[in-house]
Amino acid sequence: MDEILLNQKQVDALIQHSEKAGISESCAMLLGTHNDQQWNVKEVFLTRNSHVDSKTSFIINPEELLQGHQLAEKKQLELVGIFHSHPDSAAAPSNFDKKFMKVNGDVPWIIFSGINTDLRAFIL
């Protein structure tokens, strides 16, 4: 079974990022290392949602997406997860999410629910 490792400081940063976004989905890149079945987050790179004011979708700002990949390369890390929030729904992939999970490879997606504060990870 795969597992993704985040420390409490990283979890807190992701939740605060979600709370600041209010009714819009928030998003972030999780950078770290991956071996066998373990995804170890070393760096949380908070990003803006290009779908401004959307409760149901997100796209990481393209400039920040590039910056995140450059940071990973500089620190000899890789993308080990994609984070976003669901302000008004459960922490489960929507149909929109599933579509983009297929496109974005085999990294875990971490979803935070604003209605019940669940934080869950998914891999398609």
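## Salt bridges, a buried acid and a pocket

Arg48 and Glu64 make a salt bridge in this predicted model, with their closest N and O atoms 3.0 Å apart. Here are some exercises around that pair and other features of the structure.

**Exercise 1.** Work out which parts of the chain the Arg48–Glu64 pair links, and classify each partner as buried or partly exposed.

*Solution.* Start with the positions: Arg48 sits in the loop between E3 and H2, while Glu64 belongs to helix H2. The two are 16 residues apart, and the pair links distant parts of the chain. Next, take the accessibilities. Arg48 has 48% relative accessibility, so Arg48 is partly exposed. Glu64 has a relative accessible area of 12%, which falls under the 20% cut-off, so Glu64 is buried.

**Exercise 2.** Find how many salt bridges the model has, and describe the ones formed by Glu43 and Asp88.

*Solution.* The count comes to 3. Glu43 pairs with Lys75, the closest N and O atoms lying 2.8 Å apart. That pair joins strand E3 (residues 38-47) to the loop between H2 and E4, across 32 residues. Glu43 is partly exposed at 22%, and Lys75 is partly exposed at 41%.

Asp88 pairs with Lys55, with a closest N to O distance of 3.6 Å. Here the loop between E4 and H3 is linked to the loop between E3 and H2, and the partners are 33 residues apart. Both ends are partly exposed: Asp88 at 46% and Lys55 at 41%.

**Exercise 3.** Glu25 is a buried acid; identify its nearest side chain of opposite charge and a backbone atom close to its side chain.

*Solution.* First locate Glu25: it lies in the loop between helix H1 (8-21) and strand E2 (27-35). Then look for an opposite charge. The nearest such side chain, Lys55, is 11 Å away, and Glu25 has no salt bridge. Finally, turn to the backbone: the nitrogen of Ser57 is 3.5 Å from a polar atom of the Glu25 side chain.

**Exercise 4.** Describe the largest pocket by volume, lining elements and residue classes.

*Solution.* The volume is about 260 Å³. Helix H2 (62-74), strand E4 (78-86) and helix H3 (95-103) each give two or more residues to the lining. Among the lining residues are Met29, Phe58, His69, Phe96, Asn104 and Trp109. Sorted by class, the lining holds 10 nonpolar and 2 polar residues, with no charged ones.

**Exercise 5.** Decide whether Gln10 is buried or exposed, and give its C-alpha distance to Val44.

*Solution.* Gln10 is in helix H1. Its relative accessibility is 9%, so Gln10 counts as buried. Its C-alpha atom is 6.6 Å from that of Val44, 34 residues apart along the chain.

Conventions: Residues are numbered from 1 along each chain as its sequence is written. This is a predicted model: local features need pLDDT of at least 70, side-chain atom pairs count only at pLDDT 80 or more; totals for chains, interfaces and linings use all residues. Side-chain values use heavy atoms; hydrogens and water are left out. On a 1 Å grid over the protein atoms alone, a cavity is a set of points where a 1.4 Å probe fits but cannot get out, and a pocket is an open set with protein on both sides within 12 Å along at least five of seven lines; lining residues have an atom within 4 Å of a point. Grid points are joined across faces, edges and corners, and a volume is the space filled by probe spheres set on the points. Helices (H or I, at least four residues) and strands (E, at least two) are DSSP runs, numbered from the N terminus. Ala, Val, Leu, Ile, Met, Phe, Trp, Tyr, Cys and Pro count as nonpolar, Asp, Glu, Lys and Arg as charged, and the others, Gly among them, as polar. Buried means under 20% relative accessible area, exposed over 50%, partly exposed in between (1.4 Å probe, protein chains only). Lys and Arg count as positive and Asp and Glu as negative; His and the chain ends are not counted. A salt bridge is a side-chain nitrogen of Lys or Arg within 4 Å of a carboxyl oxygen of Asp or Glu. A polar contact is a pair of N or O atoms within 3.5 Å; within protein, one must be able to donate a hydrogen and the other to accept it, and residues adjacent in sequence count only if both atoms are side-chain atoms.
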